[in-house]
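Q: I have never looked at this structure before. Could you walk me through how its features get their labels?
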Amino acid sequence: DEVISAFFLQQPLLEYASLFNVHRVDVISNESGVDNDPTQGILKDTALDMRYWCNNIERLICVNVSKALNAANFAPDADQIIVLANSSKYGGAGYAGSNIGTLAGQNGSALEVALHEFGHAFGDLADEYFSIGDTYTGPEFTRVNVSILDSQAMAEQNTKWARWLGDNGVDTFQGGNYNEFGVYRPTSNSKMRSLGRPFESVNVEAMIIKLYEAIDPIDAATAEGQVVKGDVLEITPIQPTSHNIDIQWFVDGVAIPGANTVSFNTATVADSCTEQTITVAAVDNTDLVRDENARELFMTSSRTWSLAANCASSSSSVASSSSAA
């Protein structure tokens, strides 16, 4: 409970905490503790074979990956796995390929390791630290938070984080992806470089976009298809923490002024002798994202209905009278 409550205290996890389901899976070990804690050579019979001094690094906590994955199968459709070691000693690790992170469950600082690794596994972010003296001479990176371009070249090509340059401390800072030279990172320091730091703007944006690759802004809606005049159409948008999803209803592609709520009464549509199309669009216009292509592709959703033709009916009657003389 302490780990998860702290996990969602910073952006972008804070703003989108409601979109994450967290399930706790209890595993019972024959012995309490973790291998090599507090010193090397102390072994414990544990359910997930967790241990310090992995790869000869004291703070690196390894886990039996297959056992961790099997345990996680007791939760529904797990996307990311956090494995808590029963220890107060600082440590952790990340298995990006398996979407697993480990940390010491009783050490609050270890949570920063889990968040950093979550940036890799969930956000597909690169490390922004480097080894002194190393120089990169290869092609451009696919990961969004490292580049071979300096600020001038990036702005001219309008690529990578060009839309953020000059705001929120964003520039091109030499050093990243383990190389001191030939690679630039977006900020002087972020969680992908140092623990205890915020993720910072470029990384926050990248994580939100990744989230929307899996999440539809419209969580539920009236079934699409043909409707008749008088039917009320409804959607249920997702709900971020501090802002709402923007909604707009359309008739035959024309926006209806003031139709910006979760429901729409088709009785308000003018009669027509032809079928009309009712559409609703929902978009997350958060200013934490500036990539408008990504906003259109992943952060915008729509639903469409066909409104049956409804001709205005009119009738006339002719009265005749006769008179006799």
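Q: How do you know that β9 and strand β12 (residues 263-265) pair?
A: Keep in mind that this is a predicted model. Two strands pair if there are at least two bridges between them. β9 and β12 have three bridges, in the antiparallel sense, so they count as paired. In one of the contacts between these strands, glutamate 234 has serine 263 of β12 as its bridge partner.

Q: What makes strand β7 (residues 218-221) a partner of β9?
A: The cut-off is at least two bridges, and three join β7 to β9, so this is a pair too. These two strands run antiparallel. Alanine 220, for one, has threonine 236 in β9 as its bridge partner.

Q: Which side chains of β9 point to the buried face, and which to the other?
A: Leu233, Ile235 and Pro237 point to one face and are buried. Val232, Glu234 and Thr236 point to the other and are not buried. That fits a general pattern: in a regular strand, side chains alternate between the two faces of the sheet.

Q: Why is threonine 102 called buried?
A: Buried means under 20% relative accessible area. Threonine 102 comes in at 0%, so the label fits. This residue is found in strand β3 (residues 100-104), and among the residues it touches are Met50, Val63, Val83 and Tyr95.

Q: What makes the link from the side chain of threonine 102 to the backbone oxygen of isoleucine 61 a polar contact?
A: The pair has to be within 3.5 Å. Here the side chain of threonine 102 reaches that oxygen at 2.7 Å, so the distance is inside the limit.

Q: How do you know that the buried residues of helix α2 (residues 65-72) are on one side or on several?
A: The buried ones are Ala68, Ala71 and Ala72. They cover an arc of only 100° around the axis, so they sit on the same side of α2. What covers them includes β1 (81-85) and β3.

Q: Which residues of the largest nonpolar core touch the most other members?
A: Met50, Val63, Val83, Trp249, Ile278 and Trp305 do, out of 60 residues in that core. Helix α5 (residues 201-212) gives the largest share, six residues. Another core, of eight residues, lies apart from this one, and Trp164 and Val170 are among its members.

Q: What does valine 83 touch?
A: Its contacts include Leu48, Met50, Ala68 and Thr102.

Note on methods:
Residues are numbered from 1 along each chain as its sequence is written. This is a predicted model: local features need pLDDT of at least 70, side-chain atom pairs count only at pLDDT 80 or more; totals for chains, interfaces and linings use all residues. Side-chain values use heavy atoms; hydrogens and water are left out. Helices (H or I, at least four residues) and strands (E, at least two) are DSSP runs, numbered from the N terminus. Buried means under 20% relative accessible area, exposed over 50%, partly exposed in between (1.4 Å probe, protein chains only). A polar contact is a pair of N or O atoms within 3.5 Å; within protein, one must be able to donate a hydrogen and the other to accept it, and residues adjacent in sequence count only if both atoms are side-chain atoms. Contact means heavy atoms within 4.5 Å. The arc is that of the directions from the helix axis to the C-beta atoms. A nonpolar core is a set of buried Ala, Val, Leu, Ile, Met, Phe, Trp, Tyr and Cys residues joined through side-chain atoms within 4.5 Å. Lists of a residue's contacts leave out its neighbours within four places in sequence.
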